[in-house]
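I opened this notebook to record what I looked up in the structure, entry by entry. My notes begin with the aromatic rings and then turn to the helices and the surface.

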Amino acid sequence: MPVRRPHSSGSAHTGLTEWLLQRVSSLYMACFVVYVIVYFGMQPVRDHAAWKSWFAHGSVRILWAIFIFSLLIHAWIGMRSIFMDYIHPLWIRFSLSLITAFGLLALGLWAAQILFAAVR
């Protein structure tokens, strides 16, 4: 009788990437929010021209882009986890995931449009 190898029950690292992305994105978002609060606490924006001037800096737009990307990744991983844990019928889980993905994609494209419009 040949010796059978046991079937793998999955990778020991399953979910590690999602967990790490969730933690890193939340850490960046928290630091960024603190930065924005402190910055505007020390240098309040008086009018739209001052806001536009601050936002026109390339580094500020890059920080905002990273913030928005982190927010979208964080939301996707969180919603995906909720769907996988609590929605058992596959077609409902797939439908909700698809709606969420398209919604987050639309929000990301809208945010990109805002960030690129600030260049003009």
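**Entry 1, aromatic pairs.** Before counting, I fixed the term: rings of Phe, Tyr and Trp, the last by its six-membered ring, pair if their centres lie within 6.5 Å, and planes under 30 degrees apart count as stacked while those over 60 count as edge-to-face. With that in hand, and keeping in mind that the model is predicted, I found that the structure holds 14 aromatic pairs. I looked up F40 and W54, whose ring centres lie 4.9 Å apart with 65° between the planes, so by the cut-off of over 60 degrees the pair is edge-to-face. This pair links distant parts of the chain, since F40 sits in helix 1 and W54 in helix 2, 14 residues apart. I also noted that F40 and W54 are both buried.

**Entry 2, a stacked pair in helix 2.** I then turned to W51 and F55, whose ring centres are 6.1 Å apart and whose planes meet at 10°, so this pair is stacked. W51 and F55 are four residues apart in helix 2 and are therefore separated by about one helical turn. I asked myself whether F55 is buried or exposed. At 10% relative accessibility F55 counts as buried, because the cut-off is under 20%, whereas W51 is partly exposed with a relative accessible area of 34%. I recorded that W51, F55, F40 and W54 are among the members of one aromatic cluster, which also includes Y28, F32, Y35, Y39, W64 and F67.

**Entry 3, the chain as a whole.** I stepped back to the overall layout and noted four helices and zero strands in the protein chain, which gives the pattern α-α-α-α when read along the sequence. Of the 120 residues in the protein chain, 20% are buried. I looked at contacts between residues at least 6 apart in sequence and found that 69% of them join residues at least 24 apart. The accessible surface comes to about 9,500 Å², and carbon and sulfur atoms account for 72% of that surface.

**Entry 4, helix 1.** Helix 1 has 27 residues and reaches 39 Å from its first C-alpha to its last, which is close to the 39 Å expected at 1.5 Å a residue. Which residues of helix 1 are buried? I listed Q22, S25, M29, F32, V36 and F40, and what covers them includes helix 2 (48-55) and helix 3 (58-86). I took Q22 for a closer look and placed it in helix 1 (residues 16-42). Q22 has a relative accessible area of 13% and is therefore buried. Leaving aside its neighbours within four places in sequence, Q22 is in contact with H74, I77 and G78.

**Entry 5, helix 4 and the surface.** I looked up a nonpolar surface patch of about 550 Å², and found that F94, L98, F102, L105 and L109 make it. F102 belongs to helix 4 (residues 90-117) and counts as exposed at 55% relative accessibility, because the cut-off is over 50%.

**Entry 6, R80.** I closed with R80, which is found in helix 3 and counts as partly exposed at 30% relative accessibility. R80 and A101 are 21 residues apart along the chain, and their C-alpha atoms are separated by 9.5 Å.

Notes: Residues numbered from 1 in each chain as written. Predicted model: local features only at pLDDT ≥ 70, side-chain atom pairs only at ≥ 80, totals over all residues. Heavy atoms only, no water. Helix = DSSP H or I, 4+ residues; strand = E, 2+ residues; numbered from the N terminus. Buried < 20%, exposed > 50% of the residue type's maximum accessible area, 1.4 Å probe, protein only. Contact = heavy atoms within 4.5 Å. Areas by Shrake-Rupley, 256 points an atom, 1.4 Å probe, with all protein chains shown as cover. Patch = residues over 30% accessible without salt bridge, like charges linked within 9 Å, V, L, I, M, F, W, Y side chains within 5 Å. Salt bridge = Lys/Arg side-chain N within 4 Å of Asp/Glu carboxyl O. Expected span 1.5 Å × (residues − 1).
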